[in-house]
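Visitor: Could you take me slowly through one charged side chain, tell me how much of it is covered and what it pairs with, and then go on from there to the charges, cysteines and surface around it?

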Amino acid sequence: MMDWPAMNMATAIWMAAVAYASPMMLAALGEVISERAGVMNLGLEGMIAVGALVGYGVSADHGSAWLGLAAGGGVGLLLGAVHAALAVWIGADQIVAGLGMSLAATGAAAFLGPMWITWRSQPAFISELSASRYKALLGFPPTTYLALALGLIAVSVLSGRRLGIAIRASGDSPEAAEALGVRVRAVRSSCVLVGGMLAGLSGAILSLAYAQTWTSTMPNGMGWIIIALVPLSGWRPGRVMLFCLLLAAVNALQIRFQIIGVKLSASILDMMPYVATLIAVIAGRIWPWRKGRWNEPSALGRPLEQ
Amino acid sequence: MLEACAITKCFGATRANDAVDLEISPGEILAIVGENGAGKSTLVKILCGLLKPDSGTLVVDGRPEAFHSVSQAVSVGIAAVHQHFALVPSLTGLENIWLAVGGNRRDLVQRAQKIINRLGLQVPLDQPIHQLPVPFQQQLEILRALVQNCKYLLLDEPTAALGSQDADAVRRLAGSLALSDHAVVLITHKLSDVLECAHRVVVMRQGRIVGNWPIHETNAAAISDAMIGEISIPSNHNCLPNCGRDVVLDVQNVSCSGSAGTAGLTDVSLQVHSGEILGVAGVSGNGQEPLAEVVTGLKSPESGKILFLDHDVTYHSPARRHRLGLAHVPADRRRYGAAGALPVYGNLCLRRYRESALSPKGWIRSRIWKQFATDLMKTVSADWPLDFQTRHLSGGNLQKLILARELDASPRLLVAVYPTRGLDVRAVSQTRRILLQSRRAGGSVLLISEDLRELLDLSDRIIAMSGGRIIGSVEPGQASAARLGQLLGGG
Amino acid sequence: MKHLVAAVFALLAALLLGFVVLWILHVPPLDACKGMLALCWARKMDTAAKALVLCLLGTGISVAFRAGFWNVGAEGQLCVGAIAAAGIGLYVAPASLWPAPWLWTALALVAGTLAGAFWCLGPALVRAKWQVSEVVTTLMLVYVAKRLLEYLYLGPWRDPQGYGFPGSAPLSASLHVSLVWIAILTGVGAIICALLVKKTVIGFEMSVLSESRDVARYGGIHVGRCLAIVGMISGGLAGLAGAVQVTGTAGRLISGISVGDGFTAIIIACLAGRHPLGVLIVAPFWAMLKVGAEDLEVSYQIPQAFSTALEGICLLCWLTSVWIGRRWFRRFRGNLT
């Protein structure tokens, strides 16, 4: 399998990393936004799973990958609404609500998927999102640019604008924000909705642009890795994207090792991203970021008190 | 003109406000006094739109209004500055104001700057709130109200957390606001606020207005009689000095880092003698809380040594220090002092649950626990139901619970941090009495407080802290508010 | 009582939703239900074993949740427990099983328990020392443990006489434990845990710790030690569940060891109000659902993940019903005063 002409190994790994990083980045941005507003979304894994299934399924039914992306985002929005209702409006424990969402959604995807998706090799709609169709894009699929653009928007919204300030205020001290006239519940719910939409979109990209097929184990822990990366990056959209890229590189490296047949079992290689995340998370707590203007949202996980 | 007619608000069976009538016109400073629980906070909350009254009407400039939110009240020109500032600590002053006001950022800066210049405020707009001292935070709150064109300003206990100089500044500010045709409502329990700057005073008790006089027709005695009846606040002045010369606590050159934007400790040394109340004065955030944490063992110092009763306890755990006789009334009583979800008796046993008298061989004997808790409650003459969830206790009762638990085994040293903060007059008086009792029994107290009056009333000796250092001390007999104010102001 | 009502409501709501989904998929819900129950009855031993495994896992999780330690990685601890037990049974025990087979069985169970306990001790310690979120660490370790399990039964421990079938060699039949012993173990474990959380000083420390780390430190509770104990109990019971599967039901290391029971147990612990004895009541229901789901697959081509989805939905329903319960309770109390 060493027949990649004119492309050395490092470049290939980085290309693969970027391809895998773009769905990761989208979901991670969504998580950053919702955690900045003070709501943990542990349902990420499930939202990505459902996004992946719906994205692929709708594309297969209607023959349009772009429609699939929209459907993925839409179903993510719906799941986000459920999480917002539980975590923001009825003040349920965000950890339990997230775990429930995760189980329900991964279960639903694994249960509906096999009944919906009939396997075909390389359906036509896949090529709509493939890099080779867009010569101007330097070999990356358009979804990568979508992720980057959304990342820039997230950075600019969170750091400068009044909306961003309202979001951070809702996550830092919701009671004070409410007294300043911010409608904290509304802000939090919209952030969770956006987070859910981005997670769904990320799932759709994962199945349509990255894997180009759907499998029942689809996100395979990606959601949880993202949840670990968000605190590691100090809840900053720029840094979280960087970490996503690094983790995606670890993943690409491990896949490459499997392809070229390193003398290690695939299962052991498969552990690499998880072990890397574990080490990074612990190291990140031992040597935390210098405290600056972007500290941990201090009301993270705490509902607004009446 | 802002008029409130027959405002009534009940919480369960208690009438927090009972047919309250009030009116205030621009250019006037109205003081509302009364002990906590008299209903003045409730009244403020109703006026500024945080609470809806059960009955009664509000008339603003001739139009009847019913507020559903704070922003509605602001839109007709009423704004409140609460005791706990409604500012987001991680944002800058400007961002906080922007959040409340909206609009164009550059216009806002100009408007704010104009008001700052007119009133002579010193608050910086571009620093995160948590780095600002309390007086600046207060100025920001007032600034926000003014930027929002509010004519009626309700200041809830504006001088409670301030030293005398800063309190003077607030009174002057209220005066200049009144001159520029704003109406200022001062909610306070300090008579000095009333007498020095108010034009009119309203006294509340048990939800009713029991006095409403122009300031020149009344005096301090009349007001305090109407306000608190016969409660007197105990002080140390008529106690005999009780200090032995043996050192109970010896803190030697201790340094540690502070948390998020507050000062740590730099080379702090102090000694507490037996039977002595050592007061620590200073505006909070200047190293008092790290000092308490280092002494009680919640935090390890980076350098220096702590001797307690001649034991080197620098790296002892809090439990070990407690066994040696060190008790702690924490600053944040809900965060540190008691677990809210546990029943009252669990929290009362928190210090001694391990002892074999209460839990033989590690088994909980709930009957013995409850008996122990009942006995403890008697020492502070309280009788809460034992299974009552602790989070439902009021601040004063919670403090009583903590004091009962901490003073249980006659500790050699009590570290009391802001022990009367946020308590009503009755609870303040009880708390002070308990502290003095413990001193009379031979225990020492390290009393950390922001309230200079309290420090002067209780302490045998006072040291002042600023920026994590001890900047001076005042020996017994020489202490006065002016001397302390000088010390703190100079540092 | 409050917990019980909320749990019953949640179960009913989830079942109703399940019925609706089945009906939408053109499966007659009542017939499906009947089929599931029939299958559970036909395979009552499997159902009972599943229930016991879920009890062990749920008990451990409820202890952890009581201390505010969100151990969501029981699945991983179960895997390493199974690995350790299988390792003892296959490679440490001599072929003659000298001096007595039951000794080796016990050793396998103990090894599984210890493996699970240490797998969970790591997250507990890093949480105590550096406040690393245990949700993340325990979950990451699930993926690591599952891969490890996979590596072993596909790689070095694969049965040479297994015709390439993925799985280790079967354990010697005399190493198997009977369901009765497993039931006794489970019952004793649950009772010990219930006594621990309700009647001992450690249980009190756990309840303070779950409320607030700050209060615990202030009260002189050794946070690290308390978390370590909780982590080891919780992980140990999960590890024991894994060992029980190897020595009791599966008899070897196969992929069927890890089918998401560790996640199901989270719901069981929540529905049981985090009470170890409550777990004993709730677990059999889910065991029936999980075993019965196989009938859905065979008779109606509904994938087994249906039961996983139902678990999550049940947890969400539970949160909602707890909330509704609280509201009603408040209104009721309001009327009294």
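Guide: In this predicted model, Arg171(B) has a relative accessibility of 11% and therefore counts as buried, where buried means under 20% relative accessible area, exposed over 50% and partly exposed in between, with a 1.4 Å probe and protein chains only. Its side chain meets that of Glu196(B) in a salt bridge, with N and O 3.0 Å apart. Since Glu196(B) belongs to helix α7 (residues 191–197) of chain B and Arg171(B) to helix α6 (residues 164–179) of chain B, the pair ties together parts that are 25 residues apart in sequence. Glu196(B), in contrast to its buried partner, counts as exposed because its relative accessibility is 54%.

A salt bridge here is a side-chain nitrogen of Lys or Arg within 4 Å of a carboxyl oxygen of Asp or Glu, while helices (H or I, at least four residues) and strands (E, at least two) are DSSP runs numbered from the N terminus. Residues are numbered from 1 along each chain as its sequence is written, and chains are lettered from A and ligands numbered from 1 in the order in which they are written. In this predicted model, local features need pLDDT of at least 70 and side-chain atom pairs count only at pLDDT 80 or more, whereas totals for chains, interfaces and linings use all residues, and side-chain values use heavy atoms, with hydrogens and water left out.

Over all chains, a search of the whole structure finds 28 salt bridges. Another of them joins the side chains of Glu28(B) and Arg200(B), at 2.6 Å from N to O. This pair links distant parts of the chain, 172 residues apart, with Glu28(B) in the loop between β2 (14–24) and β3 (29–33) of chain B and Arg200(B) in strand β9 (residues 200–205) of chain B. Both Glu28(B) and Arg200(B) are buried.

In chain C, Asp261(C) and Lys50(C) form a salt bridge whose closest N and O atoms are 3.1 Å apart. Here too distant parts of the chain are linked, for Asp261(C) lies in helix α11 (residues 261–271) of chain C and Lys50(C) in helix α3 (residues 44–66) of chain C, 211 residues apart. Asp261(C) is buried, with a relative accessible area of 0%, and Lys50(C) is buried as well, at 17%. Through salt bridges that share partners, Lys50(C), Asp261(C), Lys290(C) and Glu311(C) are joined into one network.

The cysteines come next. No disulfide, that is, a pair of cysteine sulfur atoms within 2.5 Å, turns up in a search of the whole structure, which finds 0 over all chains. Cys150(B) has its closest cysteine sulfur 10 Å away, in Cys48(B), and so the two are too far apart for a bond. Cys150(B) counts as buried because its relative accessibility is 2%, and Cys256(B), at 5%, counts as buried too.

In chain A, a whole helix is covered in a similar sense: 10 of the 11 residues of helix α9 (residues 222–232) of chain A are buried, so this helix is largely enclosed by the rest of the structure. Among its buried residues are Met222(A), Trp224(A), Ile226(A) and Leu232(A). Just after α9(A), Gly234(A) takes a positive phi of about 70°. In the loop between α8 (184–211) and α9 of chain A, Gln212(A) has a phi near 60°, a positive value in a residue other than glycine. With a relative accessible area of 24%, Gln212(A) is partly exposed.

To finish at the surface, Lys2(C), Arg326(C), Arg327(C) and Arg330(C) form a positive patch. Helix α13 (residues 305–336) of chain C gives the most to the positive patch, with 3 residues, and Arg330(C) lies in this helix. A nonpolar patch of about 520 Å² is made by Val180(C), Trp181(C), Ile184(C), Val188(C) and Ile192(C). Ile192(C) is found in helix α7 (residues 179–199) of chain C and is exposed, with a relative accessible area of 52%. Patches are made of residues with over 30% relative accessible area and no salt bridge, joining like charges within 9 Å and nonpolar side chains (Val, Leu, Ile, Met, Phe, Trp, Tyr) within 5 Å.

Terms used:
Areas by Shrake-Rupley, 256 points an atom, 1.4 Å probe, with all protein chains shown as cover. Lys, Arg positive; Asp, Glu negative; His and termini not counted. Charge placed at Lys NZ, Arg CZ, Asp CG, Glu CD.
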